[in-house]
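Hello,

Here is the structure I promised to pass on to you. Have a look at it first, and then read on for what turned up.

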Amino acid sequence: MDPRQILAPVKERWQALPRPRQVLLVAAAAGLLATVIYLAVLITRPAYAPLFTDLEPAQAGKIAEELKNMKVPYRLEDQGKTIAVPEDQVPSVRIELASKGVLADTGAGWELFDQQKFGVTDFEQQVNYQRALQEELRRTITSLEEVEQARVHLVLPRESLFLDEQVEPSASIALKLKSELKPEQVKGIMDLVVGSVQGLKPENVHIIDMEGNVLSDELALSDERARLTRLSLDQYQVRRQYEKELETRIQQMLTRILGPNKAVAMVTADLDFDQRQTTTTTVQPGQVLSQQTVNESGSGTGAVGPGGTDSSQTGSSIPALTGGNSQYQKRQTTTNYQLGSQQQTLVAAPGTLRRLSVAVVLNGNYSAPQLQQVQDMVAAAVGLQQNRGDQINVSAMPFDTSYLDQFREEGPPAPVMPAVLKKYWPAAAGAAGLGLLLLLILFIRRRRRRYVEEMEEEVPQAPVAAAYEPGPEQPAEQPGRTQRIREMARERPAEVAEILKLWLKE
């Protein structure tokens, strides 16, 4: 078949088209062709994925130079801080760059111990351990979104056998932040370092930012303030709960005696939250440790007794004054005792009641004996002690119940319209009326559309079309249907017109 015969009708139709339509078709075809070419290029072009992000300029240049040598296509994004390569090559390129040591300037962690070296001294092993631990902590800290870079410096003293020569470990961390760190995040960094270094205490961890702000000191101050605030709040709650308990006890007792709404009681308690420790030492008689007894006896001339015998010695000397000869006897006893002692330590629990003040007001007029009786009952109920400085005051006066009486007579007051509603109520009423009108219009249109649909179901399209386009192939019952449609058009012309409008729109 000749192609000219196939193209001839197309050429004739093209020449028959007006000039503007030809230009429009040519422009549409050119746009379609450009779109197809762009989509083809977009589909065939490999998808790029980030290889490394947040790079320093020197580090990004070194990686880009190595990618050129490896003949790997790459793109620089985020003002040179991100390097992207084809998505399917990301894992292999990362491994190859890591094996070539391109990222060595970021520091080595536990991979320092992957290769065992012979002849390494204890000092070199300790330095390598410190370097690896610093790098691992740096990697963990920089994983936070708010931290761009971090430097970790650890002081790990060698253990000593002498207690006075032992030095506590310490840590210093410098952070380059993208955004401000929250106190709980600083606390998390501090806990991370404390848990990673043996023997490190939180007070020996110092965290600063690039502007010289000491974040760890601010955290310590905030923790101290929070602790004091919580302590004060807890003490206030304990005191208020104790006061409420006494007030409830007094109120229940007076309600049973005087009736409801006949008394008001308020209690103020002064609690001592200071903790005291008292140590008492008592000396007690002990057991006998040793006892020594010395007995001496002798005889001689003279009437003088033996020397060295006084009243402080336990023993006796009995001289015999017969014929100028003397005899004496001496007995001395020494006893050593072990003195016993008992030490007792008492720790006073916080929350001791120091002073109590109670105020009770009775509704009505009561005599002095009645008030005294109520005062005695309340003092006994709360455990009042005069020697402690507690005080109680019971008085009587009529309560003001005029507002309650008026409320009971008139009922609850009617709600007062706010000033804003008084000012803008005409506009609000107009808006409400307009909304109701729109709803009414929508309701009427929906009812009308539903009615038209019912009419379409009742009157089929074929008879109407046949009525306006008569032909020789119409069935026998067509005249009867045509007559029905004409009668319907005379009776309900508006509905038929709506149906015809809908058909023309379709």
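Let me start with one pair of residues: Y48 stands opposite P86 in β3. One thing to keep in mind throughout is that this is a predicted model.

That pair is a good way into the sheet around it. β1 and β3, the latter made of residues 82-86, pair in the antiparallel sense over four bridges. Helix α4 (residues 90-99) packs on the sheet and touches both β1 and β3, and its direction makes about 20° with that of β1. Helix α3, residues 57-69, also lies across β1 and β3; here the angle of about 20° is to β3.

As a whole, the sheet is open and has three strands in the order β1-β3-β2, with antiparallel pairing. Its edges are β1 (48-52) and β2 (75-77), each of which pairs on one side only. From one strand to the next, the twist averages 40°.

Two loops in this part of the chain caught my eye. K71 sits in the loop between α3 and β2, and its phi is near 55°, a positive value in a residue other than glycine. Q79 lies in the loop between β2 and β3. Q79 is not a glycine either, yet has a positive phi of about 55°. Are these residues buried or exposed? K71 has a relative accessible area of 76%, and because exposed means over 50%, K71 counts as exposed. Q79 is exposed too, with a relative accessible area of 81%.

Next, a pocket. The second largest one has a volume of about 440 Å³. It is lined by 16 residues, and those closest to its centre are L156, P157, E159, P169 and Q198. Which helix gives the most to the lining of this pocket? That is α5 (residues 122-142), with three residues. Sorted by class, the lining of the second largest pocket holds seven nonpolar, six polar and three charged residues.

Finally, some totals for the protein chain. It has 13 helices and 13 strands. Of its 506 residues, 20% count as buried. Among contacts between residues at least 6 apart in sequence, 67% join residues at least 24 apart.

If you open the model yourself, the pairing of Y48 with P86 in β3 is a handy place to begin, with helices α3 and α4 as the next stops.

Happy browsing, and best wishes

Key: Residues numbered from 1 in each chain as written. Predicted model: local features only at pLDDT ≥ 70, side-chain atom pairs only at ≥ 80, totals over all residues. Heavy atoms only, no water. Pairing = 2+ DSSP bridges. Axes fitted to C-alpha atoms, helices over the stretch in contact; angles between N-to-C directions. Contact = heavy atoms within 4.5 Å. 1 Å grid on protein atoms, 1.4 Å probe; cavity = no way out; pocket = protein on both sides within 12 Å on 5 of 7 lines; lining within 4 Å. Points joined across faces, edges and corners; volume = space filled by probe spheres on them. Nonpolar A, V, L, I, M, F, W, Y, C, P; charged D, E, K, R; others polar. Buried < 20%, exposed > 50% of the residue type's maximum accessible area, 1.4 Å probe, protein only.
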